[in-house]
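The exercises below are meant for a reader meeting this structure for the first time. Try each task before reading the solution that follows.

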Amino acid sequence: MNNLLPADEKIGLTNCDREPIHTPGGIQPIGFLIATSADWIVQRAANTLDHLGVAAADLPGKPLSGLLQKSAIDKIRSRIALLRSKDAVERMFDVPLVDGGNPYDIAVHFSDNAVIVECEPAQGDQVEVSSLVRSSLTRLGSCKDVSALLKEGARQFRSLMSYDRVMMYRFAEDGSGEVVSQSLAPDIDSYIGLNFPATDIPQQARALYLRNTFRIIADVQGEAVPIEPTGEGKPLDLSLALFRAVSPIHLEYLRNMGVGASLSVSIVVDGKLWGMIVCHHDSPRLPSFAERSAAELFGQIFSLQIESKLREQISESERRARHVSNRLMSAAAQDKDRLADADWLSELLPRAIECDGVGVHVEGTTALSGLAPTKAQFMKLVDALNRRDAQTIQHTSRIAEFSPELASSNSPLGGMLSIPISRRPRDYLILFREEKLRSVRWAGDQAKSVEQGEDGPRLTPRKSFEEWSELVRGTSEPFSPSDVRTAESLRTTLLEVVLHLSEEANEDRKRAAEQQQLLIAELNHRVRNILALIRALMAQTKREGGTIDEVVDTLESRVKALANAHDLLTAENWVPASFKEILKVEFSAYLSKGSDRVRLSGPAVSIKPQAVPIVALVIHEMATNAAKYGALSDSGSVNIDWSVDADGHLHFTWKEAGGPMVEPPSRKGFGTTVISSSIPHELGGEADVNYKPSGLQAQFCIPERHIVAQEPVASAAMPQSPASGSADVLKGKTVLLVEDSMIIALDAEDKLRELGADNVLLAASIDRAAEMMRSEKIDVAMLDFNLGQETSLPIAEQLTKTNVPFFFASGYGGDDVVPPEFSAIPLVVKPYTLEQIAVAAANALA
């Protein structure tokens, strides 16, 4: 028999999987074969003597027209024209080949550059192929799932083809197969549930079963007829041939099974060999050409039905996966720690992928739940996964393949599936399945059978197919392709969750950085502005005239008004602030007299805490501009009116009159941007500023969500008027002043002496203050709470122990500057006035 192996090389232990079964060099004696060139010159032939009366060896080089009548050649040519792919085969029935001769059934196809013509005597049954198959396939339509479809398919195929045994054979991932359903004639052995090793169907045979889905062996005892000429040139490729001769090893395999004839049809799903319909008969059997065509059609439609059922299963798996994914997404959005909660995941994930335990490794944190390895074993498994492709789903039904430590620890685990949930080899969600001790039923002992012959050892098929059981340990139920697809879907969701959380964190950091930059810019702007305002206020106050004391008092009150406005902008834990009071606080910095030049009109309404800084900032900039360049810089006035509409939005207008002629700013600075953009951008409201020559006019709208339609009872943001204190409250006292700023300390010392202090001891640090307390008798103390890198709490504690009264000073507003245990101690806020220090000292001494 011709083949691609060297003539002196036999099929043995090392080359069984390389046997060239697609070029066997012969055909089964079912009919005859002719191979012609494109111009219809015979190149090779086989078995023509009994059918055409001409020996095959005499045909090469002769035209086909000298062998077959013209009508037959015309039909063959017309069929050849219909071939559209390299694996296509065309068929014809009841075609007379020679004058007065019997009709033949014909199949034609291309093989490389040759045209292959196969002919066999017609059996006279003009059965319509579609009618033959239709009734069988109709019954398959009612099957609910793949299992039912396989059972009914075996019954219908046996009814169609009348073989003794029809088996549905399904392949596993490792290439082995199992008989999952069958239909038998009486007294025929059952193979249901038996497994066959992957080596029973070599790789080259599997490739052929994909190209040529139909295969028949009419008589396992029959002798192959050689193709003439033999042993010359390139062997003829018979991959698509109906009569292709059979491997001698396979024939011996079938004879050992007691099979006289066989037929097989491939079940192809998604372009892969999913299973086979395998038929056995105890004696030679050759169904007619029409019956075989019907069987091939049955196999094609049956494959589509299997594929459809599998897709339904996939759709159901995808539905469950979507449900689980939605739960994951919604839960993680509310609580990012859910991704590291193995107990919660072990309840949720089995709804999508069957598992007995869960392990999760996220950002260095490990959590295990259910049937799972120890933490140390789990980390070994993570290390093993990191050495593989960390961006793909890894799964196995034998976990020892990944982690030998688990194999040697008598672990009840069998399989695992890992889902990477980060883009680096770091974070994993791993599902575990328990070990399932099972007895695999093989069709005969799977050990290789070797016989010694004159050419050395020869590999032979097993001779017994009696059931042989093998106990399998350390394995679990394998993860199906559907499980892997579901895992891929879950991975996509988990990556989206992780990415979403990462983006949220990045956005938070970005917003924090932007806020920080804005605050720095605002701080720089306001500090420069405040310094400029103080300078302008000093000049304005000086122009107002009066005694030196009067000028100082007026200037001090205005500076304090600016400080109160600053507190309003930066205080924490605000309650809603009165809109009217915000206006008053901002304007108090500019008007000590003539407050009637600012007219306020509107209902009681408050601004929610988160919006107060923006509103106050806008009003501050408007008031600053009015004081610098607008109506308040001259003898004009400012009218501010506000109202709340039916939807709860606050509208307020700003109108200036009587001031100098107004011109639009030549450039858009930070202050102008704050006025025109802050309320729209930050609060989602509106701002319209009109620089009319007669006076600036502006309209603003603050959305309802920032408004409270009532004024609060009290507002921590509003500056409080100090209670009156005695001008000589510290008369004859020795005062300890702890302050780290020399300029502020000198100012405070002057005020303390104004209040009658006889001696002021100045300390800039805790150590220096403690030294003075040891050497001097202290009557009362004024403590700056924040001293650079430390606080004055140790001094306060020592003063409390020695019953020396004291009060705090701080540059921070709010009630949470000092700890709760000192909440009753008086506190003055910088820049403090003489009256504030007097009140605080009086309260401390009381």
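**Exercise 1. The chain as a whole**

How much accessible surface does the chain have, and what percentage of that surface belongs to carbon and sulfur atoms?

*Solution.* Begin by keeping in mind that this is a predicted model. The accessible surface of the chain comes to about 41,500 Å², and carbon and sulfur atoms account for 50% of that surface. Next, turn from the surface to the interior: of the 846 residues in the chain, 47% are buried. Then count the elements of secondary structure, which come to 19 helices and 37 strands. Finally, consider the contacts in the chain with a separation of 6 or more, 66% of which are made by residues 24 or more positions apart.

**Exercise 2. A small sheet and the helix that follows one of its strands**

Determine in what order the strands E23, E25 and E30 are arranged, and which of them are edge strands.

*Solution.* The three strands form an open sheet in the order E23-E25-E30, with antiparallel pairing. The edge strands are E23, residues 577–578, and E30, residues 707–708, each of which pairs on one side only. To look at one pairing in detail, take strand E25, residues 606–607, which pairs with E30 in the antiparallel sense over two bridges; in this pairing isoleucine 607 stands opposite isoleucine 707 of E30.

Now move to serine 578, which lies within the range of E23 and also caps the N-terminal end of helix H13, with a side-chain oxygen 3.3 Å from the backbone nitrogen of lysine 580. Helix H13 itself covers residues 579–587, and its buried residues are Phe579, Ile582, Leu583, Val585, Glu586 and Phe587.

**Exercise 3. Salt bridges within helices**

Find how far apart in sequence the partners are in the salt bridge between glutamate 307 and arginine 311, and decide whether each is buried or exposed to some degree.

*Solution.* Start from the principle that side chains of opposite charge can pair when their charged atoms come close. A search of the whole structure finds 17 salt bridges, including the one between glutamate 307 and arginine 311, where the closest N and O atoms are 3.1 Å apart. Both residues belong to helix H7, residues 289–334, and because they are four residues apart, about one helical turn separates them. Glutamate 307 has a relative accessibility of 16% and so counts as buried, whereas arginine 311, at 42%, is partly exposed.

As a second case, take arginine 753 and glutamate 749, whose closest N and O atoms are 3.3 Å apart in their salt bridge. These residues are also four apart, about one turn of helix H16, which covers residues 742–754. Arginine 753 is partly exposed at 37% relative accessibility, while glutamate 749 is buried, with a relative accessible area of 17%.

As a third case, take arginine 768 and glutamate 771, which form a salt bridge with closest N and O atoms 3.1 Å apart. They are three residues apart in helix H17, residues 766–775, so that about one helical turn lies between them. Arginine 768 is partly exposed at 37% relative accessibility, and glutamate 771 is partly exposed at 40%. To finish, return to the bridge in H7 and ask what it belongs to: salt bridges that share partners join Asp270, Glu307 and Arg311 into one network.

Terms used
Residues are numbered from 1 along each chain as its sequence is written. This is a predicted model: local features need pLDDT of at least 70, side-chain atom pairs count only at pLDDT 80 or more; totals for chains, interfaces and linings use all residues. Side-chain values use heavy atoms; hydrogens and water are left out. Buried means under 20% relative accessible area, exposed over 50%, partly exposed in between (1.4 Å probe, protein chains only). A polar contact is a pair of N or O atoms within 3.5 Å; within protein, one must be able to donate a hydrogen and the other to accept it, and residues adjacent in sequence count only if both atoms are side-chain atoms. Two strands pair if DSSP finds at least two bridges between them. A salt bridge is a side-chain nitrogen of Lys or Arg within 4 Å of a carboxyl oxygen of Asp or Glu. Contact means heavy atoms within 4.5 Å. Accessible areas come from the Shrake-Rupley method with a 1.4 Å probe; for residues, only the protein chains shown count as cover.
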